[in-house]
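Thanks, everyone; I would like to take a few minutes to walk through one model, starting with a single charged side chain and then moving outward to what surrounds it. Please have the sequence and the structure open as I go.

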Amino acid sequence: YQRRVHGDPTSHVVTVRAHNFEQIVLARDKTVLLCVYLPWTPLGKHEPLKEVSRHFAPDKDVVIAKLDASVPKYRIMITEKYGVKTVPSLVIFPAGADPTPIDFPGEYNTKELIRFVESEVEKWRNL
């Protein structure tokens, strides 16, 4: 899969769709921060997400991804099959764990997102 936003070579955000969801998001050897967004919301602008993706670009254990929940089949998949409770939202799928997402509890900014991802990655690396 391609680790960048189409048209932005400095971003490493992976676009997730139904056909690649399991391969990317449920990879047991990676921690995945998934932005489940609606294009017209602030979360849909992806600015902090792009910064976070640049921060983690050298770390092959971390994937920063996005899923457009305005597409009905994607919204149904993420809410019904994987238990994401609200849309839009940010969730993390930790490496080495069952595919139960953890809600991002903080404020949507680069610093908080990096701290959240780093804490989840450290938990996995310390197992």
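The side chains of Asp68 and Ser70 are joined by a polar contact of 2.6 Å, and I should say straight away that this is a predicted model. Asp68 lies in strand 3, and it is buried without a salt bridge. How far away is the nearest side chain of opposite charge? That side chain belongs to Arg75, and it is 7.1 Å away, whereas a salt bridge would need the nitrogen within 4 Å of a carboxyl oxygen. Apart from neighbours within four places in sequence, Asp68 is in contact with Tyr37, Pro39 and Tyr74.

Let me turn to Leu67, which, with the same kind of sequence neighbours left aside, is in contact with Tyr37 and Tyr74, and also with Val16, Arg17, Leu34, Cys35, Val36, Met77 and Ile78. Leu67 is among the residues that touch the most other members of the largest nonpolar core, which has 20 residues, and Val16, Phe21, Val25, Leu34, Ile78 and Phe93 are the others in that group. Two or more residues of this core come from each of helix 1, strand 2, strand 3, helix 3 and strand 4. A second core, separate from this one, has 18 residues, including Leu43, Phe56, Ile92 and Val117.

Finally, helix 2, residues 47-56, has Pro48, Leu49, Lys50, Val52, Ser53 and Phe56 as its buried residues. What covers them includes strands 1, 2, 3 and 4 together with helix 4, which spans 110-125.

How values were computed:
Residues are numbered from 1 along each chain as its sequence is written. This is a predicted model: local features need pLDDT of at least 70, side-chain atom pairs count only at pLDDT 80 or more; totals for chains, interfaces and linings use all residues. Side-chain values use heavy atoms; hydrogens and water are left out. A nonpolar core is a set of buried Ala, Val, Leu, Ile, Met, Phe, Trp, Tyr and Cys residues joined through side-chain atoms within 4.5 Å. Buried means under 20% relative accessible area, exposed over 50%, partly exposed in between (1.4 Å probe, protein chains only). Helices (H or I, at least four residues) and strands (E, at least two) are DSSP runs, numbered from the N terminus. Contact means heavy atoms within 4.5 Å. Lys and Arg count as positive and Asp and Glu as negative; His and the chain ends are not counted. A polar contact is a pair of N or O atoms within 3.5 Å; within protein, one must be able to donate a hydrogen and the other to accept it, and residues adjacent in sequence count only if both atoms are side-chain atoms.
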